[in-house]
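I opened this one up to get a feel for the fold before going any further. My notes are in the order I looked things up.

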Amino acid sequence: MPAPRPLKPPLKSSSKPPIVLCLSGHDPGGGAGLQADLETLAAHGVHGVGVITALTVQDSRNVRRVIPTDAALLAEQLNVLLADVQPQAVKIGLIGDAAQLPVIAAVLARLGLPVVCDPVLRAGGGTDLVAAAFPAALRRALLPQVTVLTPNAAEARRLVPDAADLDACAAALLADGARHVLITGGDEPGETVVNRLYSAGNASTSGPIRHEWPRLPETFHGAGCTLASAIAARLALADAPVDAVATGQRWTQAALARAVAIGRGRRIPGRIPPPSARIAS
Ligand code: PLP
């Protein structure tokens, strides 16, 4: 057998892309979870590195089961990865269970980076993805280190069950330490989707910044992951959080307008435009 040829030295690339660390679940259909994150980041010219917080059994209609990654394995993966790679931002999606919270909190403290946290509590298809005590544990463990929290309206209410309205939910989440809270309204009724951005310091004075989007006719799977990743991409590209939130929404709305049905359930966002669209643009 001929001797293997020596490996070529790695090609010198002119500049390293920004990197986002994702802590996300795996969706075999690729609509949500880490695949949604990586596609979104790639579309922004950002490299995604990721650890999988949970495997899931699901299709484009609903989640049937969540299988958390062992917290010690998650810690081991993060330690080895972060000894090698230096991200510019962190995106947190589905967290497998409460045992992962101290591991994630320790990594955030060590990195000191902008953090986008999408508090995934229930699937769009209706399945509860976390235990009853989890929302309170997430608030305590992570919010002091979160730059942008992106709950939808139902998630905001579940995080703050005693709040009178969404303004009160946001106030409580800001009081926990989140610097910005974007409550999305895709799961609320109405012709227009209203997303509200609350920021520490201005919640009681000027109120939230309202972002309004025409409601698209379809329902989507993975819209929340896509939005949170788009915001994380913009933060890694050094946007200020308020700008990242605005640009991330605009990009996500365009991806939703291109959504495709890959199965019999909800559509998944068109995060990578088809080659024909790319050539035309
Ligand atoms: N599966 C995974 C791994 C997720 O991260 C999420 C949401 O973030 C879902 C399923 C549910 O997505 P959706 O509510 O958009 O259907």
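Below are my entries, from the whole chain down to single strands.

**Entry 1: overall build.** First reminder to myself: this is a predicted model. I counted secondary structure and got 9 helices and 9 strands in the protein chain. Next I checked the radius of gyration, which is 19 Å; a compact globule of 281 residues would come out near 19 Å, so the chain agrees with that rule. I also boxed the C-alpha atoms along the principal axes and got roughly 75 × 45 × 40 Å.

**Entry 2: inside and outside.** How much of the chain is buried? I get 47% of the 281 residues. The accessible surface adds up to about 13,600 Å², and carbon and sulfur atoms hold 58% of that. For charges, I find 26 positive and 22 negative side chains, with the centres of the two sets 7 Å apart. I looked at contacts too, taking those with a separation of 6 or more: 69% of them link residues 24 or more positions apart.

**Entry 3: the sheet.** In what order do the strands sit? I read 3-2-1-4-5-6-7-8-9, an open sheet of 9 strands with mixed pairing. The edges are strand 3 (63-68) and strand 9 (209-214), each of which pairs on one side only. Note for the margin: strands of a sheet pair through backbone hydrogen bonds, either parallel or antiparallel.

**Entry 4: strand 4 and its neighbours.** I zoomed in on strand 4, residues 89-92. On one side, strand 1 (residues 19-26) pairs with strand 4 in the parallel sense, over 4 bridges. On the other side of strand 4 in the sheet order comes strand 5; strand 5 covers residues 115-117, runs parallel to strand 4 and is joined to it by 3 bridges. Ile92 turns up in both pairings: its bridge partner is Leu23 in one and Cys117 of strand 5 in the other.

Then I checked which way the side chains of strand 4 go. Ala89 and Lys91 point one way, while Val90 and Ile92 point the other way. That fits the textbook pattern, in which side chains of a regular strand alternate between the two faces of the sheet. Are these four buried or exposed? All of them are buried, Lys91 included.

**Entry 5: the strand 9 edge.** Last stop was strand 8, residues 192-199, which pairs with strand 9 over 6 bridges. This pairing is antiparallel, whereas strand 4 and strand 5 run parallel. Within it, I found Val193 standing opposite Trp213 of strand 9.

Conventions:
Residues are numbered from 1 along each chain as its sequence is written. This is a predicted model: local features need pLDDT of at least 70, side-chain atom pairs count only at pLDDT 80 or more; totals for chains, interfaces and linings use all residues. Side-chain values use heavy atoms; hydrogens and water are left out. Helices (H or I, at least four residues) and strands (E, at least two) are DSSP runs, numbered from the N terminus. The radius of gyration is taken over C-alpha atoms; the globule rule is 2.2 Å times the number of residues to the power 0.38. Buried means under 20% relative accessible area, exposed over 50%, partly exposed in between (1.4 Å probe, protein chains only). Contact means heavy atoms within 4.5 Å. Accessible areas come from the Shrake-Rupley method with a 1.4 Å probe; for residues, only the protein chains shown count as cover. Lys and Arg count as positive and Asp and Glu as negative; His and the chain ends are not counted. The place of a charge is taken as NZ of Lys, CZ of Arg, CG of Asp or CD of Glu. Two strands pair if DSSP finds at least two bridges between them.
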